[in-house]
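Thanks for making the time this morning. I would like to walk through one model with you, going from single residues out to the contact between chains, and I will try to keep to what the coordinates support.

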Amino acid sequence: MREKIREFIMANVNVDEDTAVKDDDNIFRLGYVSSLFAMRLLNFIEASFAITVDDEDIALVNFSTIDAMAKLVGKYRTYS
Amino acid sequence: MNTQSGAERVRPVSETSAIKPVKCVVWDLDHTLWTGVLAEGDDVVLKPGLGDVLYQLDRRGILNSISSRNDHADAMRKLAQFGLAEYFLYPQIDWGAKSVGIAKIQSQLDVGMDTLLFIDDQPFERDEVRAIHPSVECVPAESYVDLLDHPRLRAAIMTEDAGRRRLMYLHEQARRQDQECFVGTPEAFLATLAMRFVISRAQEADLLRAEELTIRTNQLNATGITYDSDDLRRLMASPMHSLLICELSDRYGSYGKIGLALLEHQAQYDYIRLLLMSCRTVSRGVGSVLLTHLMQRARVRGKGLRADFRRTDRNRQMLVTYQFSGFREIERCDDRRTVFEHDLAVVQGFPPYIDVLIDY
């Protein structure tokens with residue numbers, strides 16, 4: 001799951017291709033992140049892991065690192 | 001003090017949804033737009049007054065398209081002879097089912113199926129479309145003479161933006177074609193557009209467009225509350241409020257006035273009562289530009305920043321915009337309204353691919 005998220009971020013954020021994004025790197029500090037990217041990231045997470053994120057969980061803190069996103073996905077998968 | 005509470009401005013739902021404006025008229029050709037059958041070699045003649053109907057619809061900002069069983073090249077040549085080809089966006093002229101053509105038009109224009117009106121002389125064709133798309137209004141060919149008085153086509157507000165709507169769709173078509181050929185991230189493509197975003201105070205001439213924005217905007221609308229131009233004129237004059245309007249342009253042309261914000265100035269807070277961005281701009285990555293400006297503005301003036309948000313079934317993207325910009329919910333009111341607040345400790349700059357001009 002983490003690899004899949006990492007791949008998406010590497011392809012969509014303007015980061016140096018040689019340095020892999022670490023699980024606890026704050027992706028919103030790596031480079032400029034647009035509102036467009038935020039929406040795409042949410043759509044990517046929902047489509048890839050077949051979940052629908054509740055309004056309450058659509059928060060920066062849940063998407064700022066790969067760890068946080070993995071935790072969020074885990075939470076929804078336990079419910080189903 | 002706090003007179004502009006969101007709740008009292010909500011109009012009854014029945015009033016706004018009873019007459020849902022038509023955004024696009026889809027025309028059949030043989031025996032509808034013209035008399036005769038082109039494919040049978042008839043010397044077809046345009047129905048009397050039809051050119052004027054198209055012209056008037058176009059001025060009102062209502063789009064026109066075609067769903068017809070014909071040879072595409074022949075039909076387009078004939079339309080060009082009549083001087084009408086340029087009026088039709090995404091014409092669907094082939095030998096397939098009309099419901100399929102209508103689905104393509106709807107998807108290309110990115111408008112609701114219930115905003116299309118289909119005009120065709122054949123009851124069979126109207127029934128076929130109605131069976132597949134029950135929300136498309138289907139009318140017989142002869143009703144074209146009264147079309148301009150149709151309630152759903154009269155509801156449109158005449159603004160400068162409305163008159164330019166077809167051109168803006170054509171620009172959008174060109175952008176999409178270029179984007180499909182582009183290799184790289186969406187942000188890298190945006191950088192090639194040379195976008196310019198101008199934020200200014202709304203003027204009298206903007207009020208009709210501002211009203212139209214509150215009615216037509218669904219996805220990037222923080223409250224879904226509509227305002228008429230009299231409401232807006234009053235707010236524009238109020239020293240307690242700032243009514244800001246935005247225009248976006250790029251190397252293909254202008255998108256027109258696409259953003260609106262109403263700020264209420266309280267002693268300690270700037271309070272965002274209304275924030276919306278036209279759905280034309282959804283793929284342009286400018287959804288947070290106006291919000292970022294309001295954050296920077298409040299911070300410079302040493303004020304806090306709060307915002308009304310009312311969740312509708314279509315504005316999830318606005319929720320994402322607020323929450324990803326760092327706003328937090330501080331209060332939930334009875335009328336499905338939420339109050340957001342930003343601590344302004346960290347305020348992001350504008351996207352690097354866009355030139356923002358603050359013109360007030």
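Let me begin with a small question: where in chain B does Ala194(B) lie? Ala194(B) sits in the loop between H9 and strand E8, the strand that covers residues 195-201 of chain B. Please keep in mind throughout that this is a predicted model.

The reason I start there is the backbone. Most residues other than glycine have a negative phi. Ala194(B), however, has a phi near 55 degrees, a positive value in a residue that is not glycine. There is another case in the chain, since Leu344(B), also not a glycine, has a positive phi of about 60 degrees, and this residue belongs to the loop between strand E14 (337-342) and strand E15 (354-358) of chain B. Is each of them buried or exposed? With a relative accessible area of 54%, Ala194(B) passes the 50% cut-off and is therefore exposed, whereas Leu344(B), at 7%, is buried.

Let me now step back to the layout of chain B. The domain assignment gives domain 1 as 6-14 together with 184-358, and domain 2 as 20-154, and the C-alpha centres of these two domains of chain B lie 36 Å apart. Helix H8 of chain B, residues 165-181, falls between the stretches 20-154 and 184-358 of that assignment. H8 has 17 residues and reaches 25 Å from its first C-alpha to its last, which is close to the 24 Å expected at 1.5 Å a residue. Within H8(B), the buried residues include Arg165(B), Arg166(B), Met168(B) and Tyr169(B), and Glu172(B) and Arg175(B) are buried as well.

One of those residues, Arg165(B), comes up again when we look at helix H10 of chain B, residues 207-216, where Arg209(B) is found. Arg209(B) is buried, with a relative accessible area of 4%. If we leave out residues up to four places away in sequence, Arg209(B) touches Thr159(B), Asp161(B), Arg165(B), Lys257(B), Ile258(B) and Arg280(B). Taking Asp161(B) from that list, the two residues are 48 apart in sequence, yet their C-alpha atoms are 7.0 Å apart in space.

Following the chain onward from H10, we come to Asn221(B), in the loop between H10 and helix H11 (229-237) of chain B. Although it lies in a loop, Asn221(B) is buried, with a relative accessible area of 2%. A polar atom of its side chain lies 3.2 Å from the backbone nitrogen of Thr223(B), and, setting aside neighbours within four places in sequence, Asn221(B) is in contact with Thr214(B), Leu275(B), Leu276(B), Asn315(B) and Met318(B).

His241(B) belongs to strand E9 of chain B, residues 241-250, and it too is buried, with a relative accessible area of 9%. Its side chain makes a polar contact with the side chain of Ser238(B), at 2.7 Å.

For a residue with contacts far along the sequence, consider Lys23(B), in the loop between helix H1 (13-17) and strand E1 (24-27) of chain B. Lys23(B) and Leu117(B) are 94 residues apart in sequence, but 8.2 Å apart from C-alpha to C-alpha. Beyond its neighbours within four places in sequence, Lys23(B) is in contact with Ile62(B), Leu63(B), Val111(B), Thr115(B) and Arg216(B).

Finally, the interface. How much area do chain B and chain A bury between them? The figure is about 1900 Å², with 56% of it on carbon and sulfur atoms. On the side of chain B, Glu187(B), Arg316(B) and Phe324(B) lose the most area to chain A, together 36% of what that side buries. The contact takes 23 residues from chain B and 23 residues from chain A.

As for polar features, the rule finds four salt bridges across this interface, and the count of residue pairs in polar contact between the chains is six. Helix H9 (186-191) and helix H13 (316-324) of chain B each supply at least two residues of the side that touches chain A, and H13(B) gives the most, with six residues. I would end on one salt bridge, between Glu56(A) and Arg332(B), where the closest N and O atoms are 4.0 Å apart.

Conventions: Residues are numbered from 1 along each chain as its sequence is written. Chains are lettered from A and ligands numbered from 1 in the order in which they are written. This is a predicted model: local features need pLDDT of at least 70, side-chain atom pairs count only at pLDDT 80 or more; totals for chains, interfaces and linings use all residues. Side-chain values use heavy atoms; hydrogens and water are left out. Domain bounds come from an automatic or database domain assignment. Helices (H or I, at least four residues) and strands (E, at least two) are DSSP runs, numbered from the N terminus. The expected span of a helix is 1.5 Å times one less than its number of residues. Buried means under 20% relative accessible area, exposed over 50%, partly exposed in between (1.4 Å probe, protein chains only). Contact means heavy atoms within 4.5 Å. Buried area is the accessible area (1.4 Å probe) that two parts lose on being put together, summed over both. A salt bridge is a side-chain nitrogen of Lys or Arg within 4 Å of a carboxyl oxygen of Asp or Glu. A polar contact is a pair of N or O atoms within 3.5 Å; within protein, one must be able to donate a hydrogen and the other to accept it, and residues adjacent in sequence count only if both atoms are side-chain atoms.
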